[in-house]
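Work through these exercises with the sequence and the 3D view side by side. Try each task before reading its solution.

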Amino acid sequence: MMFTLSSEQTDLAGVLHGFLAAGKTDLSSLGLDEVTDPVDLVVVFEELGHHAVSGPLIESLAVLPALGAGPGSVAFPPHVPHAVEADRYFLVEGDTLREASPTAELQSVDPGRRLFSVSSGPVIATDVPAARAFDLGVLTCAAQLLGLGRAMLDMSTAHVLARTQFGKPIGQFQAVKHHLANVLIGLELVRPLVFGAAVTMSPRDVSAAKVAASDAAWQAARVALQVHGAIGYTAEHDLGRFLLQTRALRMAWGSPSMHRARVLEAL
């Protein structure tokens, strides 16, 4: 299935890409908190992933607006038991939205994504659309993983064209080409799943998109590390930032096994 972006969505992606490529970080100046359509959110989060932007983005730009709150971070037990570091914290219990307070910092695989356990506070609202808000979190996490995968493929391609062995770029070796081609195929198959889920917003489609995006981004990360070699492990190389964020987001907003189970239940 092909999915074609509208001219407005293409413009949105272009503006965000140019903003982030210029090294700017103040997203508030772009008015992204006013983006509410799920397809538009996928466009935004794919680009945020492509630049490995850190912070409680899913929570502030997708989940909390759907709950009528924000900006800030939110814990959504049982599948999102901890909150990403932010200036303000919330907690969803059933269909109730509460204020929350951070109680302890937890170890995270991504230093740029600090996690905190939270304790519940006063009730802010009841009968909130918790199920839709959760699915928006899952969807935008999938889009972010898609963007991360794209970026790691771009980095890997540039690296294998510049790195030489035996007098030629390693990108000319067939085995390297096959690895990168498999990553490209995986990512291209994921895109229509993510955008299709944004159109339907059914729990089954959203979970399927998250599983596929997690697998494709994980494959992109493994191949990127393989072709970069030991330099990919270093904190000095940009790849490390993408690897860590991919590892964290793969398990965020529900693990692959949880989402596979949800798809199975819907069949």
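Accessible areas here come from the Shrake-Rupley method with a 1.4 Å probe. The model is a predicted one.

**Exercise 1. Overall build**

Task: Find how much area the protein exposes, and what share carbon and sulfur atoms supply. Then judge its radius of gyration against that of a compact globule.

Solution:
- Step 1. The exposed area is about 12600 Å². Carbon and sulfur atoms supply 56% of it.
- Step 2. The chain has 267 residues, so a compact globule would have a radius of gyration near 18 Å. The protein has 19 Å, which agrees.
- Step 3. Along its principal axes, the C-alpha trace spans about 65 × 40 × 40 Å.
- Step 4. Count the secondary structure: eight helices and seven strands.
- Step 5. Buried residues make up 49% of the 267.
- Step 6. Take the contacts with a separation of 6 or more. Residues 24 or more positions apart account for 66% of them.

**Exercise 2. The nonpolar cores**

Task: Say how many residues the largest nonpolar core has, and which element gives the largest share.

Solution:
- Step 1. Start from a general rule. In soluble globular proteins, nonpolar side chains tend to be buried together.
- Step 2. The largest nonpolar core has 77 residues. Those with the most contacts inside it are L27, F45, L48, L67, F76, M152 and W253.
- Step 3. Several elements give two or more residues to this core, among them α1 (7-21), α2 (38-50), α5 (174-200) and α6 (203-228).
- Step 4. The largest share comes from α4, with 17 residues.
- Step 5. A second core is separate and has seven residues, including A83, A100, F116 and V118.

**Exercise 3. A helix under cover**

Task: Decide whether α3 is largely enclosed, and name elements that cover it.

Solution:
- Step 1. Check burial along α3. L57, I58, E59, S60, L61, A62, V63 and L64 are buried.
- Step 2. That is eight of its ten residues, so α3 is largely enclosed by the rest of the structure.
- Step 3. The cover over its buried residues includes α2, β1, β2, β3, α4 and α7.
- Step 4. Look at one residue that touches α3. Beyond its neighbours within four places in sequence, F45 contacts L57, I58, L61, A62, T140, A143 and Q144.
- Step 5. Now turn to Q144, in helix α4. Its relative accessibility is 4%, so Q144 counts as buried.
- Step 6. Apart from neighbours within four places, Q144 contacts F45, G49, V53, L57, I58, Q245 and L249.

**Exercise 4. Aromatic rings**

Task: Classify the ring pair of F76 and F134. Then find which residues ring pairs link into a cluster.

Solution:
- Step 1. The whole structure holds four aromatic pairs.
- Step 2. For F76 and F134, the ring centres are 5.7 Å apart and the planes meet at 55°. Planes under 30 degrees apart would be stacked, and over 60 edge-to-face. The angle falls under neither heading, so the pair is tilted.
- Step 3. Place the two rings. F76 lies in the loop between β1 (73-75) and β2 (83-84), and F134 in helix α4 (residues 130-162). They are 58 residues apart, so the pair links distant parts of the chain.- Step 4. Check burial, with under 20% as the cut-off. F76 has 7% relative accessibility and counts as buried. F134 is buried too, at 9%.
- Step 5. Ring pairs link F76, F134 and W253 into a cluster.
- Step 6. Elsewhere, a charge meets a ring. The charged end of R250 sits over the ring of W218, 4.7 Å from its centre.

**Exercise 5. Backbone exceptions**

Task: Find where A52 and W253 lie, and give the phi of each. Then find the cis peptide bond.

Solution:
- Step 1. Recall the rule. Most residues other than glycine have a negative phi, and most peptide bonds are trans.
- Step 2. A52 is not a glycine, yet its phi is positive, about 50°. A52 lies in the loop between α2 and α3. Its relative accessibility is 5%, so A52 counts as buried.
- Step 3. W253 also has a positive phi, near 55°. W253 is in the loop between α7 and α8 (256-266). At 1% relative accessibility, W253 counts as buried.
- Step 4. G68 follows α3 and has a positive phi near 75°.
- Step 5. The peptide bond from P77 to P78 is cis, with omega near 5°. P78 is in the loop between β1 and β2.

Terms used: Residues are numbered from 1 along each chain as its sequence is written. This is a predicted model: local features need pLDDT of at least 70, side-chain atom pairs count only at pLDDT 80 or more; totals for chains, interfaces and linings use all residues. Side-chain values use heavy atoms; hydrogens and water are left out. Rings of Phe, Tyr and Trp (its six-membered ring) pair if their centres lie within 6.5 Å; planes under 30 degrees apart count as stacked, over 60 as edge-to-face and the rest as tilted. Helices (H or I, at least four residues) and strands (E, at least two) are DSSP runs, numbered from the N terminus. Buried means under 20% relative accessible area, exposed over 50%, partly exposed in between (1.4 Å probe, protein chains only). A charge sits over a ring if NZ of Lys or CZ of Arg is within 6 Å of the ring centre and within 35 degrees of the ring normal. The radius of gyration is taken over C-alpha atoms; the globule rule is 2.2 Å times the number of residues to the power 0.38. Contact means heavy atoms within 4.5 Å. A nonpolar core is a set of buried Ala, Val, Leu, Ile, Met, Phe, Trp, Tyr and Cys residues joined through side-chain atoms within 4.5 Å.
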